[in-house]
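This report describes the domain layout, one helix pair and one glycine position. The sequence and structure come next.

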Amino acid sequence: MSSTAAAVLASWQAPPVLTALLAAAALVYLRGWRKLSRLRSGRFPTWRLAAFLGGLASVWIAAASPLDAFSSLLLTAHMAQHLMLMVVAPPLLLLGSPYLPILRGLPRTFVREGLGPFLAWPAAKRFGRALTHPWTGLLAMAAAMWGWHVPAAYELALRSSTWHEIEHATFLLASTLFWWPVVHPWPSRPRWPEWSVPLYLLAGDLQNTILAAILVFSEKVIYPTYASAPRLFGLTALEDQAFAGALMWVPGSLAFLVPAAAATWRLLSPGPPPKREPAPAPLPIPVRTRTAGFDLLRSPVVGAFLRSRLGRRAMQGVMFGLAALVVVEGFTGPPAGAANLATAIVWTWGRAIAVIALLVAGNLFCMACPFTFPRALGRKLGLGQRAFPAALRSKWLAAGLIGVFFWAYEAFDLWDRPVATAGIVVAYFAAAFLVDAVFRGASFCKYLCPIGQFQFAGSLVSPLEVKVRQPEVCAGCTTHDCLRGNAITAQRGCELELFLPTKSGSLDCTFCLDCAKACPHDNVGLLPVRPAAELHRDPPRSSIGRFARRPDLAAVALVLLAGAFAGAAAMVSPFAASVSSSGLRAAAFFAAALAAAAVLAAAASAAGRAWARAPASFAEVFRRQTLTLLPLALAMWAAHFLFHLATAGPSIVPILRRAFSGAVVSGAGAGAFPGPAAISGIELLVLDFGLLLTLHAAWKLAGELSRERAPRLFAPVAAVASVLWLAGAWVLLQPMAMRGMLH
Amino acid sequence: MRRTLALSAALLVWAAARTAFADGGRLRASEDVGAFRVAIFTAPEPVFAGRADVSVLVQDRASGEAVLDADVTLELLGPGGAQSVVTAGRHARNRLFYGAQVELAPGAWIAAARVRRGASEAVVRASFEVRDSRRAAVAWPYLSIPPCAVVLYAANRGLRNRERKRRSG
């Protein structure tokens, strides 16, 4: 094989989003097909699965293969790509009869509650019937085929990648509609008699043939891009055009004529007339046995590791090692933050991983927190017997400490100060030891630790929670080992005073799993929950009480909200210069952000309450509505930290090289991370996710506080959330200063 | 209803296809110089400030065969005297091309592709305009997600309420 041919054949690249979507479609179909094939093996044989997966593979090949890479150089390659999308992928997808497998493959609740109302909507049914009518298919195919082959449209698609995507989507959709009456995927019914199918296919082929003939016999190059493109394989532009036309004419026509011949053969064959498909009988409802849901603690590898006595210790050991590295490197490494491992570990990697963990799992930082080692040491020394002062048992102090932490980060340029970074780690160990050497329980975690409060609040949005597996087991429990500890196994109970049967949500839960290990009934799990669902519920929570009576929790939420937006804004040009390296200006900036957040939240609550004439007090509405803004705050933090991780994360490679071998730090590491353009999209998606969770929580809360006038109570807080979201998007789209980070 | 279900499946696939992207970029120059035929491409089209792809196709002038063992460097001259020189490696997508990802500021740019193989050398220049940031263009699909989700949610609730009333009344 020549090197040119080898290079052409090697020109594959999987488009990540399309690949992910097609893989998801394949998994959903496969899941549904497996269920259905057990119930109706005759209706869903293996070839249907193969056809659907083949259809998806055809779409992927059209987008990822050399056909796409050479589509702007060779009309023949572009034509082959279009044929894949028009005559290969659609019939294969439809032969898979995808509607039932996909519905069965999607989560049942989503299909019933999310899609169900739309699927049962008479107007949608009418639209569906109109769309799958043979006339619609024929016209759609004709419009797509002729419309996109007009030189101006074709050139537009060659010039613009967006229009090229639209062109491909149009071809795939129009062809799917065209092939529908031919395949009529089960359980759809034919709209025209069977004898019309060959004529229908011939009508489709007629258009294909005329267009192909124009390309083959034209004496000039129809699409100017190909006239000016460099020529490959010795083909002139006119020869390439004729070749593309021939491809369209011969294989393209065969795709219409072979099914037409097969349909004709079937019509003319002697024997019993083709049976009309019986109306599909309803599928039998599978007998559902009650099984315990997913529990991460019961999963084979991760669960066994987490439940083992050394599981958490191992995680803490790793984190302790990293903390030691930060301290040593911070005090002895290069003074520039961009070249120092301490700042890279803490500010680039540590923060991002902790927040990502919150969004995809739960409070894993506290689970692996090494700052509890001093507490364990204090216990061994017999210290820590006093009760934490009752007056300080709230989050007020913690809210203040979080604010101070945010301010100090900006005022003292901590991202660029390895010594200060190492100093903070040492101070953290010292503070944890001092507090826990005096007071019993996990007083430092519960009332003081700023990182812990961030994690606690953030974990209200997490999808995993330490929960009771079967409440009825707890009803008969008299020992309450989860709280008091297990005397037999010498396993301590919850040091944060959370009693599992009345624990609701992850606030104040460090994921230490002491309760799970102490429970003699093995009734504690790490269970999936709806993210942010706790934000609109307000049961009396163990050791926390009701959110409506906790203004300190609202204060923590406001500090996190203000910090999220102010912290990101401090990195963009209108604010960066005025905030950085000035304690006073940074304090004023954060105070203004906090005041603005508080005023906006209070105004929204007051306006909503007055408009809805809600019976709840202003204080209750304000406190609870403020908490619903937490998902947006966490999303803003996540988007901000992801930016740092994506742009400065790879610099860890040269920094590590320098730290361990003395090599000079000269540039970023391998660019395996998404670039700034890609990360902008990911940041915005994360922010969207936060807004939607906030809106959902606020809507549910409004329904709970004012059943009759929920929209009125909801509207002002939704407006505030939307304004914050827009402000966040604006900030994320500004060029961010990568202060003190190598990128 | 089942047709609507099927339509949903078709729409899912359509949505997947929507994200397919084209490749190649726009041809900026194509010249025969010395022993080579050199073409310069830029992507995306139009080129916006930020990261862009500059790629080069080198062919043997006599045979038209792609030359895959040349040394190709790209010299970029931008607005305000901005200058950068990058070595173009084999393009990640189209293996016949040499390419490099470069950061470009808004304004007029000249890309010079210097091709060397053995004693043969050729330089081809292309000029192109880099537009100001396309942040809004990049952002709008993401910014449209929450409004669409809210509208769908509202429609879902409306339909459910209507169905509930129909059943009860």
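Domain bounds here come from an automatic or database domain assignment. On that basis, chain A of this predicted model is divided into domain 1, spanning 8-268, and domain 2, which joins 296-461 with 538-742. Between the C-alpha centres of domain 1 of chain A and domain 2 of chain A there is a separation of 47 Å.

Turning to the helix pair, the axes of α27(A) and α29(A) come within 9 Å and cross at roughly 130 degrees. Because angles that are neither under 35 degrees, nor over 145, nor from 65 to 115 count as oblique, α27(A) and α29(A) are described as oblique to each other, and their crossing is right-handed. The residues through which the two helices touch are set out below.

| Helix of chain A | Range | Residues making the contact |
|---|---|---|
| α27(A) | residues 551-569 | A:Leu558, A:Val559, A:Leu561, A:Ala562, A:Gly563, A:Ala566, A:Gly567, A:Ala569 |
| α29(A) | residues 583-612 | A:Phe589, A:Phe590, A:Ala593, A:Leu594, A:Ala597, A:Ala598, A:Ala601 |

By class, the contact of α27(A) with α29(A) comprises 13 nonpolar and 2 polar residues, with no charged residues.

The glycine considered last is A:Gly128, which is found in helix α8 (residues 122-131) of chain A. Its relative accessibility is 0%, and because buried means under 20%, A:Gly128 counts as buried. Along the chain, A:Gly128 and A:Gly384 are 256 residues apart, and in space their C-alpha atoms are separated by 70 Å.

Methods
Residues are numbered from 1 along each chain as its sequence is written. Chains are lettered from A and ligands numbered from 1 in the order in which they are written. This is a predicted model: local features need pLDDT of at least 70, side-chain atom pairs count only at pLDDT 80 or more; totals for chains, interfaces and linings use all residues. Side-chain values use heavy atoms; hydrogens and water are left out. Axes are lines fitted to C-alpha atoms, for helices over the stretch in contact, and angles run from 0 to 180 degrees between N-to-C directions. Helices (H or I, at least four residues) and strands (E, at least two) are DSSP runs, numbered from the N terminus. A crossing is left-handed if the near helix is turned anticlockwise from the far one by less than a right angle, and right-handed if clockwise. Contact means heavy atoms within 4.5 Å. Ala, Val, Leu, Ile, Met, Phe, Trp, Tyr, Cys and Pro count as nonpolar, Asp, Glu, Lys and Arg as charged, and the others, Gly among them, as polar. Buried means under 20% relative accessible area, exposed over 50%, partly exposed in between (1.4 Å probe, protein chains only).
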